[in-house]
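Colleague: I should like to learn how helix packing and pockets are read from a model. May we begin with what counts as a contact?

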Amino acid sequence: MNSNIDIHLVFANYFEDPIIQKVAYSCSEKLFEGHICVSIDSLLETHEDPSIDALLNNKWIGNADDLTKPFIKNGECLYMQRYYLYETAILDKISNLISSESASPSTILNDLVLNEKMSSWFSSSSKEPDWQLVAVLMALQHHFSIITGGPGTGKTTTIAKLLGILYSIDPKLKIALAAPTGKAAVRIKESLIVAANQLSGLNADARQHFESIPSTTIHRLLGARKGTHRFKHDATQPLPYDWVIVDESSMIGVSLMSKLMDAIPDDRHLILLGDQNQLAAVEAGSLLGDMCMAEQASRNKFSLATLESINQLSPYKFDNSYSASTFNILTEHIVELQKSYRFDSKSAIGILSAKMLNNQLNINDLMDLDLMNDKAIVWKKTYSSVDFNLFYPFYEAYIKAEKPEEALILFQQIRVLCPTHEGEFSVEYFNASIEQYLKQRGLIHPNAYFYEHRPVMITQNDYQLNLFNGDIGIVRYNDQKQLKVYFEIDGQIKPIDPSALQHFETVFAMTIHKSQGSEFERVALIIPQVKDSAWLSRELIYTGITRAKKQLFLMADASVLLQASQLPNRNVSGITKRLA
């Protein structure tokens, strides 16, 4: 494909009307950038010809009462028709799910078997709220729920507690787990089993139920059909589950979310998990963030009746300061987990990520964090190959591991993260740089396409091999001296013949986008010195910082970090205003 072709102009030229050409160009361009609509004000500022009257009366522009036109105006926004229909379908489904809720808080409590053993799963403190308990109670009460929170706040643990209670009430419940990527789907299942094993008093039958919960990609859950955008499961053939729980929901675009919701019956339960502050979906839309934004004023606020029901089970007594002053359809349906069990109030990584997210960063903060005794953050203000070599030795450990499973574990403890795939200080640059470093030390011999110890990442789902976008493998010799690529598949280390792999790349380094949902003991986060780059935002840097569990090696000019902290990257949609 000729990169010089302006695809937005090609689309716009399908229309003869000059006003619609401008509308079409702007809508296409914004969609490419991740926005599902364009502000009419911005359209009028960009182009001199269109006026409000010209837009309202144009034969190509419809509205909520006329959906036959290629462009739809709603409020202050213009949409391509398809994306307006996606957004509307999502809002309608949320409304239908919530409208079908019949049980009152008191009814739920009467049915709930929260015995002494289950009570031990939650905090006994009367000094601070246990938001995990609140999230469980709200999910039990509602057909649609969002559980959001930063890294280490216990989203998966909360779901384990919820399922433990559900299975105690009805062991025959049908529950499914899903995520946007295969890697994320495998990870939530594994994390859920670990969390369930830590729940005291959970009986053997319930533990077996956890093992048998299906966990897959959203595409596979819905039944993707090759060569079409349609799925097996939709409103006419809905999913056969009582509860569908979706992890990493911030990564789901508007199109896929619409099709997922279409397949959920109104009398069933849908829970979306995710960090609202992470990067939005690569596809158009930032639904999780937009829905949480719509409820920002009254998030973790409740009606007085609901507070009374929560207080019957909570050692911490919620007073009227937690009562909602305003209500919209999502009030009480979104709970934000606020206590981080990974980063405490004195953690350098936790402090830096919070300051970045809240636009509170200053140069003194960076200096102070770099000097903290725990050395959780090593900050380099300039770009130097000498500094890079401080991080590269951590890659040597996986090469020296005796067994493939040990090598995979060690390799997953480290990663270089970059904003871009190509260009200066990009993924390609660091993959080549680290490869050269290891070669010079005689640790690898990259004189063939597949060489021993090469780490690879799958870039496209391969259902035949049961490998998914984001899966990591390492090339090693087997006992017969044959090169194989070892992956962890369904909890087992399995060798794959290299010739069977089709879509993959070297992965000493990866983009911050690709790292979403992953955690590494040590992260090298490299932010090139740029000015007014389209990719720079606080969500990008926040996501990169919070991938590190123990140590962050940060290479970034102070001015770039300060600039990023002031730049939110919220994709434009009408969700927030339409919900309000």
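Modeller: Contact here means heavy atoms within 4.5 Å. Please keep in mind that this is a predicted model.

Colleague: Which residues of helix 5 meet helix 13?

Modeller: On the helix 5 side they are Tyr83, Tyr86, Glu87, Ala89, Ile90, Lys93 and Ile94. Their partners in helix 13 are Val254, Ser255, Met257, Ser258, Lys259 and Met261. By class, this contact comprises eight nonpolar, two polar and three charged residues.

Colleague: At what angle do the axes of helix 5 and helix 13 cross?

Modeller: An angle under 35 degrees would count as roughly parallel, and one from 65 to 115 as roughly perpendicular. The axes of helix 5 (residues 81-99) and helix 13 (residues 254-262) cross at roughly 40 degrees and come within 9 Å. The two helices are therefore oblique to each other. The crossing of helix 5 and helix 13 is left-handed.

Colleague: How is helix 10 oriented to helix 11, roughly parallel or roughly antiparallel?

Modeller: Angles over 145 degrees count as roughly antiparallel. Helix 10 packs with helix 11 (residues 204-212) at an angle of about 170 degrees, and their axes are 9 Å apart. Helix 10 is therefore roughly antiparallel to helix 11. Helix 10 contributes Lys189, Leu192, Ile193, Ala196 and Asn197 to the contact, while helix 11 contributes Arg207, Phe210 and Glu211. Four of these residues are nonpolar, one is polar and three are charged.

Colleague: What is the handedness of the crossing between helix 9 and helix 10?

Modeller: Helix 9 passes helix 10 in a right-handed crossing. Their axes cross at roughly 65 degrees and come within 9 Å. Thr156, Thr157, Ile159, Ala160 and Leu163 of helix 9 meet Ile188, Ser191, Leu192, Ala195 and Ala196 of helix 10. This contact has seven nonpolar, three polar and no charged residues.

Colleague: Let us turn to pockets. What is the volume of the second largest pocket, and which residues are closest to its centre?

Modeller: The second largest pocket has a volume of about 1,500 Å³. It is lined by 49 residues, of which Arg187, Ser191, Gly517, Ser518 and Glu519 are the closest to its centre. The elements giving two or more residues to this lining are helix 9 (155-169), helix 10 (182-197), helix 20 (404-411), strand 15 (483-489) and strand 19 (520-527).

Colleague: Which element gives the most to that lining, and how does the lining divide by class?

Modeller: Helix 10 gives the most, with nine residues. The lining of the second largest pocket holds 14 nonpolar, 20 polar and 15 charged residues. Ser191 thus serves as a useful landmark: this residue of helix 10 meets helix 9, and Ser191 is also among the residues closest to the centre of the pocket.

Technical notes. Residues are numbered from 1 along each chain as its sequence is written. This is a predicted model: local features need pLDDT of at least 70, side-chain atom pairs count only at pLDDT 80 or more; totals for chains, interfaces and linings use all residues. Side-chain values use heavy atoms; hydrogens and water are left out. Axes are lines fitted to C-alpha atoms, for helices over the stretch in contact, and angles run from 0 to 180 degrees between N-to-C directions. Helices (H or I, at least four residues) and strands (E, at least two) are DSSP runs, numbered from the N terminus. A crossing is left-handed if the near helix is turned anticlockwise from the far one by less than a right angle, and right-handed if clockwise. Ala, Val, Leu, Ile, Met, Phe, Trp, Tyr, Cys and Pro count as nonpolar, Asp, Glu, Lys and Arg as charged, and the others, Gly among them, as polar. On a 1 Å grid over the protein atoms alone, a cavity is a set of points where a 1.4 Å probe fits but cannot get out, and a pocket is an open set with protein on both sides within 12 Å along at least five of seven lines; lining residues have an atom within 4 Å of a point. Grid points are joined across faces, edges and corners, and a volume is the space filled by probe spheres set on the points.
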